[in-house]
There are 2 protein chains.
Amino acid sequence: MSAEIICVGTELLLGDILNSNSQYLAQQLAQLGIPHYYQTVVGDNADRLKQVIEIAISRAKILIFTGGLGPTPDDLTCETIADFFGVPLIERPEIITDISQKFAQRGRVMTPTNRKQALIPQGADILPNPTGTAPGIIWQPRPEITILTFPGVPSEMQRMWTETAVPFLKNQGWGQEIIYSRSLKFWGIGESALAEKVAPYFNLPNPTVAPYAGKGQVRLRISAKAATTTAAEALILPVEKQLIDIAGLDYYGADHDTLAGVVGQLLRLSRQTLSVAESCTGGTLGQMLTEISGSSDYFWGGIISYDNSVKVSLLGVNPKDIDQFGAVSSTVAEQMAMGVKTRLLTTWGLSITGIAGPTGGTDTKPVGLVYIGLAGPNNEVTSFEYRFGTIRGRSLIRYVSANTALDLLRRKLITRS
Amino acid sequence: MSAEIICVGTELLLGDILNSNSQYLAQQLAQLGIPHYYQTVVGDNADRLKQVIEIAISRAKILIFTGGLGPTPDDLTCETIADFFGVPLIERPEIITDISQKFAQRGRVMTPTNRKQALIPQGADILPNPTGTAPGIIWQPRPEITILTFPGVPSEMQRMWTETAVPFLKNQGWGQEIIYSRSLKFWGIGESALAEKVAPYFNLPNPTVAPYAGKGQVRLRISAKAATTTAAEALILPVEKQLIDIAGLDYYGADHDTLAGVVGQLLRLSRQTLSVAESCTGGTLGQMLTEISGSSDYFWGGIISYDNSVKVSLLGVNPKDIDQFGAVSSTVAEQMAMGVKTRLLTTWGLSITGIAGPTGGTDTKPVGLVYIGLAGPNNEVTSFEYRFGTIRGRSLIRYVSANTALDLLRRKLITRS
């Protein structure tokens, strides 16, 4: 007994809009424990929509439609569904009243076009739309098939989903078993290396464990099926602990955690402070740190020393070292980190200098070469060399560099204490 | 002869990620004039994927797959396609070499798991992945069916699409009648205000004009149907000129232009330089400016004065003014702008101080209150007050603040010259 999501709209086929409704409904179905195996997008075309319905009823029992409920001629979801099941449309006076009132509220008069929205299949229930003019339907055209329709506007759809569809589905016995997930996040290890370390876990039946990778980060998603969130968490917790244990320092957080947030929390707890000196990242590190509300507790600020003159004048980097070793070098990274730490009077100074590309690389200093400097509480300073490669592109090299800097500090903060 | 987009991934069915690949591919197909009528999402499940392929080949000739090309056991797109068409997988040594080299570049050794990614159906061509380890395939398993596969990572997929798939499809005769679009971008004017100014253009048949709004910006998309890009551009150009003329200074650029890029170009052409002082944006402005390769020509750097002590020590803001007027005030914004300009010896100094929220607002200084300071070539300094409102959220307030600062400088650079 599974559901299927069917999004109707030529604008989706033209790529004019992003299909966020699918994601929302997918999350909602997972939470209710309603399995769904397919999502389909089809244009505003009656014949093709009928073919999609034909396929969907052969493999699912709950069909969830979004889009095509508007007042214009190309909105044909409701009439096509009725036509498919051979049922006439009936004008429902309560919908006419509702739409008229909504127009009146905005000081307008209902247009004749909107009458179309009051036509719903004989025998269907109205799925009320509190904020828009297009109502949906809840309908069992055949004993084993349930149809739910929603407008394409996400805010209208979501409110109709939570206020009417969820209570209806729970009343049908759904939501007894839910799927609950936790994402564990790792930095400094590749997907395949981590996958090899935790390979046996990929065969677990409940919870299941699956790896995902992207933008320098690897995630392991642990998903449990259970009667309640609490029961799901109880299934997840021991597996989560074991995975974190296996990964060691490569694990940095879960779900919505960010490296900037984790570092911030470590600094806050130990009452330490941070400043940054950025060359090739040009503010990215500061931006990430200050994206977190309350970061002023531990983040004092920084210096964006994009031009070498700023490295010298504001950070005290020795111009001779820039000449001799280059601005992208371990000694300059270290002097930047010390420079910002001493000038901003913070516990830690973190610096980045590198070649983000696409130009500026040489044979000895290729694009993707990045030095990260870290100056600490006792004025000890170290630096680390990375080669992020030429293939990732400027934006990703900067993003990975900033997160790698945060990860270095994170490891230092954990292993020191 | 139509295409069909098939996105493979259980994470899509769980709603873990937004299906942006569908939108990208839909836009690309529209531009090439390749009709597509269906998009399907299916999980990492061989049987269900085979059913989807069965349906897709009954209604489309070009099947475009994304996702499921990774090294882990749940990545089964390629092997399932091969299995469906009854063709064995062959290990391709050139892929092994390519993956090994990519690992070597990052100072790592290829893991045995990655060998899986070198297995492609006998007779298929490799669709190279310049940035990741998962190659795609271009394959005609039957004379009338073309299969294209891409990894799920959007950046990898997009580069593979433009570099290899598009030339392949054009070579097959696609792209004869194309839809070509230009997006005009506006800052400092609302969607409805702009829409009223240009209302008659919304009725044009070819090119069409449509408005879009989001994240503080309004766009007008001009789309033309024509035999060639050149012919489409000829249709677009007069409309584009008229729209730009009507919008005046509110227009800042087209397509991939950013405010940071436009400002950079104006600075470069006039051989002027810029530095920034950021409080609530914490590096966002620097990040945007340095996202552009070559920005070192005009951007010297900046000071992230997140803590008030840094405003005083590094920017020379008068601590008495901070006490009297608050750190979020026009006088502090002006002193920050002058401070960074004089210390970094640039033509312009641009500053931002504000309350990004969600906490820290008061009745007189609510969340969303932002002051932008601008110090110019003759040491003249001005400031501007904005109230971006509480509903946008911290991240968007910071984004809009940084772009508004860039927009102010843009207007100044244009009207001065």
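Which residue lies over the face of A:Tyr37, and at what distance from the ring centre? I looked this up before anything else, keeping in mind that the model is predicted, and found B:Arg48 over that face, at 3.7 Å from the ring centre of A:Tyr37. I then noted a second case, within chain B, where the charged end of B:Arg59 sits over the ring of B:Tyr38, 3.6 Å from its centre.

**Entry: the interface**

I turned to how chain A and chain B meet, and recorded 79 residues of chain A in contact with 78 residues of chain B. The size of an interface is often given as the accessible area lost when the parts come together. For chain A and chain B I noted about 6200 Å² buried between them, with 53% of it on carbon and sulfur atoms.

I counted four salt bridges between chain A and chain B. One joins the side chains of B:Asp16 and A:Arg221, at 2.2 Å from N to O. I placed B:Asp16 in the loop between α1 (10-13) and α2 (20-32) of chain B and A:Arg221 in strand β11 (residues 217-226) of chain A, so this pair joins two chains. B:Asp16 is partly exposed, with a relative accessible area of 31%, whereas A:Arg221 is buried at 5%. I also found the side chains of B:Arg398 and A:Glu291 in a salt bridge, at 2.9 Å from N to O.

**Entry: aromatic pairs**

How many aromatic pairs does the structure hold over all chains? I recorded 12. For A:Phe299 and B:Tyr306 the ring centres are 5.8 Å apart and the planes stand at 50°, so I entered the pair as tilted. This pair crosses between chains, from strand β14 (residues 299-304) of chain A, which holds A:Phe299, to the loop between β14 (299-304) and α11 (308-315) of chain B, which holds B:Tyr306. A:Phe299 is buried, with a relative accessible area of 0%, and B:Tyr306 counts as buried as well, at 14%.

I set beside it the stacked pair of A:Tyr386 and A:Phe388, with 5.4 Å from centre to centre and 5° between the planes. Here A:Tyr386 counts as partly exposed, at 21% relative accessibility, while A:Phe388 counts as buried, at 8%. I further noted that A:Phe84, A:Phe85 and A:Trp139 form one aromatic cluster.

**Entry: a salt-bridge network in chain A**

Over all chains I arrived at 31 salt bridges. In chain A, I followed the one between A:Arg411 and A:Asp250, whose closest N and O atoms are 2.8 Å apart. The pair links distant parts of the chain, 161 residues apart, with A:Arg411 in helix α14 (residues 394-416) and A:Asp250 in the loop between α8 (229-247) and β12 (251-254). A:Asp250 counts as buried, at 13% relative accessibility.

I then looked at A:Arg410 and A:Asp407, whose side chains meet in a salt bridge at 2.7 Å from N to O. Both lie in helix α14 of chain A, three residues apart, about one turn of the helix. A:Arg410 is buried, with a relative accessible area of 1%, and A:Asp407 counts as buried at 4%. Salt bridges that share partners join A:Asp250, A:Asp407, A:Arg410 and A:Arg411 into one network.

**Entry: the nonpolar core**

Which residues touch the most other members of the largest nonpolar core? Among its 78 residues I listed A:Leu274, A:Leu285, A:Leu350, B:Leu274, B:Leu285 and B:Leu350. Taking B:Leu274 and leaving out residues up to four places away in sequence, I found that B:Leu274 touches, among others, B:Leu289, B:Phe299, B:Trp300, B:Trp348 and B:Leu350.

Methods:
Residues are numbered from 1 along each chain as its sequence is written. Chains are lettered from A and ligands numbered from 1 in the order in which they are written. This is a predicted model: local features need pLDDT of at least 70, side-chain atom pairs count only at pLDDT 80 or more; totals for chains, interfaces and linings use all residues. Side-chain values use heavy atoms; hydrogens and water are left out. A nonpolar core is a set of buried Ala, Val, Leu, Ile, Met, Phe, Trp, Tyr and Cys residues joined through side-chain atoms within 4.5 Å. Buried means under 20% relative accessible area, exposed over 50%, partly exposed in between (1.4 Å probe, protein chains only). Contact means heavy atoms within 4.5 Å. Rings of Phe, Tyr and Trp (its six-membered ring) pair if their centres lie within 6.5 Å; planes under 30 degrees apart count as stacked, over 60 as edge-to-face and the rest as tilted. Helices (H or I, at least four residues) and strands (E, at least two) are DSSP runs, numbered from the N terminus. A charge sits over a ring if NZ of Lys or CZ of Arg is within 6 Å of the ring centre and within 35 degrees of the ring normal. Buried area is the accessible area (1.4 Å probe) that two parts lose on being put together, summed over both.
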